[in-house]
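Here's a quick briefing to read alongside the model. Have the viewer open and go through the topics in turn.

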Amino acid sequence: MRVVNTLFSGARLRCLFACGFLLVGFMPTAQALYKAVSFREMVSTADLIAIGTVTDKTVRWGEQGKMVFTDVQLSDIERIFDNGAYSNQQSDSLVVTLAGGELDGVGFAVSDTPDFKLGQRVLLYLNQYEGPVVTPIVGGMQGLYRIIHDDVSGQEYPLTWIGNGIRAVDQNG
């Protein structure tokens, strides 16, 4: 009994806890990463390519009551390409449904899904799916661009979701 007390007492116990926290901190986490999608692939696989302004967000429980979804309402829609998959929606507005959100004080964060801000202007490459999906955005965040307005030139420019400008598009996309 004396050996056990000496082995797990004082400084050794604190060291054991510290090592345990370090090990837990370096354990891998699960992520839903998408493979890289070229610009050409995004254009050729998208059912809808559109620019719109975020006007509303509604968070709701899924049909089975186990998952939360966020419906993002966009208006002032400029449809660049539409193969008809989104024809059930009005031409001047668009609703994009994403997994995750915060409802009833509980947050559900899903990787590779954006948090749209009201008033934000975006360019979206979308696929239409039957039933719930994590995100209809082609390639996850790769098919989503923020549109910024340059006050000096008066021009609008797309930025990737993480804020990078588009430098070039080559023949391969």
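Residues 15-31 have pLDDT under 50 (pLDDT being the predictor's confidence in each residue, from 0 to 100), and the model gives this stretch 2 contacts beyond four places in sequence (contact means heavy atoms within 4.5 Å). This is a predicted model, where local features need pLDDT of at least 70, side-chain atom pairs count only at pLDDT 80 or more, and totals for chains, interfaces and linings use all residues. Residues are numbered from 1 along each chain as its sequence is written, and side-chain values use heavy atoms, with hydrogens and water left out.

**Confidence**

- Chain-wide, the mean pLDDT is 79, with 77% of residues at 70 or more.
- Residues 1-8 also sit below 50, and that stretch has 4 contacts beyond near neighbours in sequence.
- Where pLDDT is low, don't read the predicted coordinates in detail.

**The sheet**

- Six strands make up an open sheet, in the order 3-2-1-6-7-8 with antiparallel pairing; strands are DSSP runs (E, at least two residues) numbered from the N terminus, and two of them pair if DSSP finds at least two bridges between them.
- Strand 3 and strand 8 (156-160) are the edges, each pairing on one side only.
- Ignoring direction, neighbouring strands are turned by 40° against each other on average, with axes being lines fitted to C-alpha atoms and angles running from 0 to 180 degrees between N-to-C directions.
- In general, strands of a sheet pair through backbone hydrogen bonds, either parallel or antiparallel.

**Who pairs with whom**

- Strand 1 (residues 48-61) and strand 2 (residues 68-82) run antiparallel and are joined by 12 bridges.
- Strand 1 also runs antiparallel to strand 6 (residues 121-126), this time with 6 bridges.
- A50 shows both sides of strand 1: R79 in strand 2 is opposite A50, and L124 in strand 6 is the bridge partner of A50.
- I49 stands opposite Y125 in strand 6.
- Strand 2 and strand 3 pair antiparallel over 7 bridges.
- S75 in strand 2 is opposite T53, while S93 in strand 3 is the bridge partner of S75.

**Backbone oddities**

- Most residues other than glycine have a negative phi.
- D76 isn't a glycine, but has a positive phi of about 55°; D76 is found in strand 2.
- D104, another residue other than glycine, has a positive phi near 55°, and D104 belongs to the loop between strand 4 (101-103) and strand 5 (106-108).
- G65 takes a positive phi near 75° in the hairpin of strand 1 and strand 2, where 6 residues lie between the strands.

**The largest pocket**

- The largest pocket holds about 500 Å³ of space.
- How's that defined? On a 1 Å grid over the protein atoms alone, a pocket is an open set of points where a 1.4 Å probe fits, with protein on both sides within 12 Å along at least five of seven lines; lining residues have an atom within 4 Å of a point.
- Points are joined across faces, edges and corners, and the volume is the space filled by probe spheres set on them.
- Of the 21 lining residues, R60, T97, G131, P132 and V133 are the closest to the pocket centre.
- Strand 3 (residues 93-99) supplies the largest share of the lining, 3 residues.
- By class, the lining has 9 nonpolar, 9 polar and 3 charged residues (nonpolar: Ala, Val, Leu, Ile, Met, Phe, Trp, Tyr, Cys and Pro; charged: Asp, Glu, Lys and Arg; polar: the others, Gly among them).

Terms used. Helices (H or I, at least four residues) and strands (E, at least two) are DSSP runs, numbered from the N terminus.
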